[in-house]
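Visitor: I'm new to this structure and would like a close look at one part of it. Could you pick a spot where strands sit side by side and walk me outward from there?

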Amino acid sequence: MAIFSGDKREGGEHPRRRATDQMPLSIVAHDLTVTGDLVAEGVVKVEGRVKGSIRAGNQILIAPGASVEGDLHAKEAVVGGEVRGTIHATDRVELQATAVVEGDINTPRIAILEGARVTGEVRMDTAVVTTA
């Protein structure tokens, strides 16, 4: 039961954690459709469908096969599915090869993998990027 215990690795050291490991995680499962806006302090992972805007204090993850009809507001957005709306990220946006974005992207940094599709403007002026 190492998941729930404070067990250390061999050698007495604690396993290294990513910054997002300490954040609360909210998941919209693949068989779920949410109609309305979502607000969370940590990480929001969408595997199903959201018809509304999403605001996350840290990160929004849109899995391949998932879809969002609304705006995204977070520090970081990683998109593998479909987004129909504007993406506002104060840190970065990553579009995976399976991503389809129909809307604008506002972020200071962006990574677009081959195969991703964007129909809209990409603005990388840090003065414009806000989560409001």
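Guide: Let's start at Val-46, which stands opposite Ile-62 in β7. This is a predicted model, by the way, so what follows describes a prediction. The two residues belong to a pairing between β4 and strand β7, the latter covering residues 59–62, and these strands run in the parallel sense over 4 bridges.

Now look to the other side of β4. Strand β1 (residues 25–28) pairs with strand β4 (residues 43–46), again in the parallel sense and over 4 bridges. Val-46 turns up here too, since Val-28 stands opposite Val-46 in β4.

Going the other way, β7 also pairs with β9, in the parallel sense and over 4 bridges. Find Leu-61, and its bridge partner in β9 is Val-78. Strand β9 deserves a pause: it spans residues 72–79 and is mostly covered, with 7 of its 8 residues buried. Strand β6 (residues 54–56) pairs with β9 as well, in the parallel sense over 2 bridges, and there Arg-55 has His-73 as its bridge partner. Then comes strand β11 (residues 87–95), which pairs with β9 in the parallel sense over 7 bridges. In that pairing, Val-79 stands opposite Leu-95 in β11. If you're wondering what such pairings are made of, strands of a sheet pair through backbone hydrogen bonds, either parallel or antiparallel.

Side chains link β9 and β11 too. Arg-92 forms a salt bridge with Glu-76, and their closest N and O atoms are 2.4 Å apart. Arg-92 lies in strand β11 and Glu-76 in strand β9, so this pair ties together parts that are 16 residues apart in sequence. Both ends of the bridge are covered: Arg-92 is buried at a relative accessible area of 18%, and Glu-76 is buried at 15%.

Compare that with a salt bridge back by our starting point. Glu-47 forms one with Lys-45, their closest N and O atoms being 3.3 Å apart. Glu-47 counts as partly exposed, at 28% relative accessibility, and Lys-45 is partly exposed with a relative accessible area of 28%. Further along the chain, Arg-123 forms a salt bridge with Glu-121, with the closest N and O atoms 3.1 Å apart. Here Arg-123 is partly exposed at 30% relative accessibility, and Glu-121 is partly exposed at 47%. There's also a network, in which salt bridges that share partners join Glu-69, Glu-82 and Arg-84. The count of salt bridges comes to 8.

Back to Val-46 for another of its neighbours. Ser-67 lies in strand β8, and leaving aside residues within four places in sequence, Ser-67 is in contact with Val-46, Gly-48, Arg-49, Val-50 and Glu-82. Ser-67 has a relative accessible area of 8%, so it is buried. Its strand pairs with β5: residues 49–51 and residues 67–69 come together in the parallel sense over 2 bridges, with Val-50 standing opposite Val-68 in β8.

That pair is part of something wider. An open sheet of 6 strands has the order β2-β5-β8-β10-β12-β15, with parallel pairing. The edge strands are β2 (33–35) and β15 (117–119), each of which pairs on one side only. From one strand to the next, the twist averages 5°.

Val-78, the partner of Leu-61, gives us one more place to go. Ile-110 is 32 residues away from Val-78 in sequence, and their C-alpha atoms are 9.9 Å apart in space. You'll find Ile-110 in strand β14, residues 110–112. Its relative accessible area is 25%, so Ile-110 is partly exposed. Not counting residues up to four places away in sequence, Ile-110 touches Val-93, Ile-105, Val-122 and Met-124.

Stepping back to the whole chain, there are 0 helices and 16 strands. Of the 132 residues, 36% are buried. Among contacts with a separation of 6 or more, residues 24 or more positions apart account for 6%. The accessible surface comes to about 7900 Å², and 48% of it belongs to carbon and sulfur atoms.

How far can you trust the picture? The average pLDDT is 87, and 79% of the residues score at least 70. Residues 1–5 stay under 50, and the model has 1 contact for them beyond four places in sequence. Where pLDDT is low, the predicted coordinates should not be read in detail.

Key: Residues are numbered from 1 along each chain as its sequence is written. This is a predicted model: local features need pLDDT of at least 70, side-chain atom pairs count only at pLDDT 80 or more; totals for chains, interfaces and linings use all residues. Side-chain values use heavy atoms; hydrogens and water are left out. Buried means under 20% relative accessible area, exposed over 50%, partly exposed in between (1.4 Å probe, protein chains only). Contact means heavy atoms within 4.5 Å. Accessible areas come from the Shrake-Rupley method with a 1.4 Å probe; for residues, only the protein chains shown count as cover. Two strands pair if DSSP finds at least two bridges between them. Axes are lines fitted to C-alpha atoms, for helices over the stretch in contact, and angles run from 0 to 180 degrees between N-to-C directions. pLDDT is the predictor's confidence in each residue, from 0 to 100. A salt bridge is a side-chain nitrogen of Lys or Arg within 4 Å of a carboxyl oxygen of Asp or Glu.
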